[in-house]
Amino acid sequence: MKETNLMAVQWVALQTIVAKEIRRFTRIWQQTLLPPAITMTLYFVIFGNLIGPRIGDMGGVDYMSFIVPGLIMMSVITNAYGNVASSFFSNKFQRSVEEMMVAPVHPGTILLGYVLGGVARGVSVGLIVTLLSLYFTNLSIHHLGVVVSIILLSAILFSLGGFINGMHARSFDDISIIPTFVITPLTYLGGVFYSMSLLPEFWQGLSRLNPILYMVNTFRYGILGVSDVSAWLSFAMMLLFITLLSGYSLVMLKRGVGMRQ
Amino acid sequence: MQIQMETPMLPALAVHDLSKVYGNGFQALKGVSFEVQQGDFFALLGPNGAGKSTTLGILSGLVQKSTGSASVMGFDVNDQAFGARLNLGVVPQEFNFNQFEKVLDIVVTQAGYFGMTRDQALPEAERLLKSLDLWEKRDQPSRMLSGGMKRRLMIARALVHGPKVLILDEPTAGVDIELRRSMWEFLRELNAAGTTIILTTHYLEEAEQLCRNIAIINKGEIVQLTSVRQLLAQMTSETFVFDLQGNADKAPELEGYHAQLVSPDCLEITVERGQSINDVFTRLTGAGVMVRSMRPKANRLEELFVSLVRGANA
């Protein structure tokens with residue numbers, strides 16, 4: 001009599017989902033890995049090399065060194081989000097999500113698999129952008145633990161956001177609305193290109209409501225040792241949001257929102 | 001948690017008083033009940049919108065039931081979903097694989113969802129793809145396959161984890177006759193090897209050729225649940241088409257039979273239960289009508305199906 005272990009099945013299923021996700025974004029590398037490399041190189045050339053020297057120091061460092069951490073973080077969060085949102089919605093659209101639904105895969109395994117796929121793409125793009133930045137500036141790491149943990153937590157958080165977006169989306173337009181109207185503005189206003197100290201007090205207070213500001217600044221702290229916000233507050237906020245979004249995603253998955261009739 | 005996969009005394013499928021009301025208020029199922037025994041080859045027939053796919057959707061976990069219960073090999077599809085799904089393979093009506101994935105990857109990935117590692121899945125995937133004539137296409141993206149190949153890919157994908165029960169929702173829709181016959185042979189062999197098979201089909205000949213038991217569903221209710229043999233025994237009459245040697249001016253007078261000349265060289269005769277086809281030949285010969293060939297007007301099950309559905313709609 002054949003016996004099957006629930007946890008063993010979930011472990012193999014998780015590996016399968018992650019491998020499938022990595023296979024997907026590496027197969028279409030021209031759409032997933034190449035564009036951020038080109039865009040970020042342009043940022044480095046235009047803002048760092050051409051405009052940067054005219055700006056001078058920012059936050060106590062030269063402008064190129066100041067923007068590199070922000071641009072790496074921007075790459076990680078947009079790619080983690082985009083990977084999960086587009087992959088999950090595409091699977092819904094083609095109905096291949098049913099392959100998992102007819103199998104003994106726990107909703108938590110599905111969620112974790114997609115999130116890890118998003119983290120894999122976010123971190124891959126982050127590494128590519130970091131390597132490119134080394135051509136333009138010398139990066140030294142102030143606190144490796146902070147760098148690694150903030151990158152992973154940011155990628156996890158935005159992968160969860162992408163998953164929720166993909167789960168609720170009914171058309172391809174729906175998965176571009178949040179990145180265009182929410183993530184991009186928050187990223188640009190999140191201290192990627194300027195120090196918060198440049199802003200009047202009212203706008204500084206308003207900026208403190210922007211979660212991306214905390215990620216960018218904490219990552220910058222890990223690289224340069226300078227930040228506008230507390231690293232501990234950043235970690236606490238991110239863990240809270242990760243918990244909330246994970247819980248919401250699991251409840252929606254169990255209900256089969258957008259998937260089960 | 002350990003799940004035992006074989007429960008030989010239980011029915012392969014059990015559906016009790018199942019109902020489904022969709023969000024738009026449409027009631028697709030109205031208390032459907034039936035059982036499928038292990039090893040059976042079972043047909044679920046019904047016109048479009050009768051509730052076939054909804055029933056199969058509930059069994060496979062793609063549709064949420066409203067009330068009632070459904071189980072696979074004794075495992076409730078909701079409360080014991082893990083056990084139910086391990087035992088079930090599903091071939092849906094519409095293509096539902098990633099069009100950009102390669103054929104072999106689709107099958108091996110599905111095995112992974114059932115807990116089979118790539119090394120465990122590859123030999124089984126190779127065996128199935130070879131049996132279904134798809135091995136040469138293993139490295140092609142699935143969108144490059146023909147319609148028939150895509151249907152066979154879905155069968156390979158559904159079988160890769162070795163399910164005890166296989167559900168096929170119109171597996172041969174849009175498939176040419178030769179391919180359909182080879183798929184029938186594949187399914188017969190699979191059933192003979194012990195897999196319980198449940199299929200829905202629009203080709204009633206398919207149900208008659210393959211299935212031992214049958215449920216006819218109409219407007220969300222079971223109108224007939226019996227064996228194919230018993231169902232055919234319910235036939236009270238059957239119409240035959242006679243191709244004539246030369247032309248006839250009018251239908252010959254055959255007392256006790258309903259005969260109609262549909263063209264100068266083609267005659268339709270309805271034979272009631274208790275009447276003999278030999279008697280028809282004798283009388284035709286006596287009337288000077290020579291017969292070149294003869295065939296049933298329609299598939300026998302088709303005639304019964306139409307009469308049952310009409311009866312239920314009346």
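Begin by selecting Glu170(B) in this predicted model: Glu170(B) is buried, because 21 other C-beta atoms lie within 10 Å and 20 or more are needed for that class. Glu170(B) sits in the loop that links strand 8 (165–169) and helix 6 (177–192) of chain B, and its phi is near 50°, a positive value in a residue other than glycine.

From there, select Ile167(B) and display its contacts beyond the neighbours within four places in sequence, which are Leu56(B), Leu59(B), Ser60(B), Leu88(B), Val90(B), Val91(B) and Ile198(B). Ile167(B) and Val107(B) are the residues with the most contacts inside the largest nonpolar core, a set of 145 residues. If you colour this core by element, the largest share, 17 residues, comes from helix 4 (residues 63–93) of chain A. A second, separate core has six residues, among them Phe242(B), Ala248(B), Ile269(B) and Leu284(B).

Now show chain B on its own. Its secondary structure comes to 10 helices and 15 strands, and its C-alpha trace spans about 75 × 45 × 40 Å along the principal axes. Of the 314 residues in chain B, 41% are buried, and of the contacts in chain B with a separation of 6 or more, 66% are between residues 24 or more positions apart. Colour the chain by its domain assignment, which gives domain 1 as 13–227 and domain 2 as 235–313; the C-alpha centres of these two domains of chain B lie 38 Å apart.

Within domain 1, select strands 2, 3, 5 and 6 of chain B, which form an open sheet in the order 3-2-5-6 with antiparallel pairing. The edge strands are strand 3 (27–36) and strand 6 (75–76) of chain B, each of which pairs on one side only. Which residues mark the successive pairings across this sheet? Strand 2 and strand 3 of chain B are joined in the antiparallel sense by seven bridges, and Ser19(B) stands opposite Lys30(B) of strand 3. These two strands of chain B form a hairpin with five residues between them, and in the turn Gly25(B) has a positive phi of about 95°. On the other pairing of strand 2 of chain B, five antiparallel bridges connect it with strand 5 of chain B, where Ala14(B) stands opposite Ser71(B). Strand 5 (residues 67–72) of chain B is in turn joined to strand 6 of chain B by two bridges, again antiparallel, and the partner of Ser71(B) in strand 6 is Asp76(B).

Stay with strand 2 of chain B and pick Asp17(B), which lies in that strand. The phi of Asp17(B) is near 50°, a positive value in a residue other than glycine. Is Asp17(B) buried or partly exposed? Asp17(B) counts as partly exposed because it has 13 C-beta neighbours inside 10 Å. Next add helix 1 (residues 52–60) of chain B, which lies across strand 2 (13–21), strand 3 and strand 5 of chain B and runs at about 115° to strand 2.

Move on to domain 2 and select strands 12, 13, 14 and 15 of chain B, an open sheet in the order 13-14-12-15 with antiparallel pairing. Strand 13 (258–263) and strand 15 (291–296) of chain B stand at the edges with a single partner strand each, so one side of each is left without a neighbour in the sheet. Direction ignored, neighbouring strands of this sheet are turned by 25° against each other on average. Strand 12 (residues 237–244) and strand 14 (residues 266–272) of chain B pair over seven antiparallel bridges, and one place to look is Ser237(B), whose bridge partner in strand 14 is Glu272(B).

Finally, bring back chain A and select the residues in contact between the chains: 27 residues of chain A touch 31 residues of chain B. Strand 1 (3–5), helix 1 (6–27) and helix 5 (98–101) of chain A each supply at least two residues of the side that touches chain B, and the largest share of that side, seven residues, comes from helix 1 of chain A.

Elsewhere in chain A, an unreviewed UniProt entry places the feature "transmembrane region" at several stretches, including residues 110–135 and 141–164. Over residues 110–135 of chain A the chain is 92% helix and 0% strand, with end C-alpha atoms 39 Å apart. Over residues 141–164 of chain A the chain is 88% helix and 0% strand, and there the end C-alpha atoms are 33 Å apart.

Conventions
Residues are numbered from 1 along each chain as its sequence is written. Chains are lettered from A and ligands numbered from 1 in the order in which they are written. This is a predicted model: local features need pLDDT of at least 70, side-chain atom pairs count only at pLDDT 80 or more; totals for chains, interfaces and linings use all residues. Domain bounds come from an automatic or database domain assignment. Two strands pair if DSSP finds at least two bridges between them. Helices (H or I, at least four residues) and strands (E, at least two) are DSSP runs, numbered from the N terminus. Two residues are in contact if their C-beta atoms, placed from the backbone, lie within 7 Å. Axes are lines fitted to C-alpha atoms, for helices over the stretch in contact, and angles run from 0 to 180 degrees between N-to-C directions. A nonpolar core is a set of buried Ala, Val, Leu, Ile, Met, Phe, Trp, Tyr and Cys residues joined through C-beta atoms within 7 Å. A residue is buried if 20 or more other C-beta atoms lie within 10 Å of its own, exposed if 12 or fewer, and partly exposed in between; C-beta atoms are placed from the backbone. UniProt positions are given in the numbering used here, feature names are shortened, and annotations may be inferred rather than shown by experiment.
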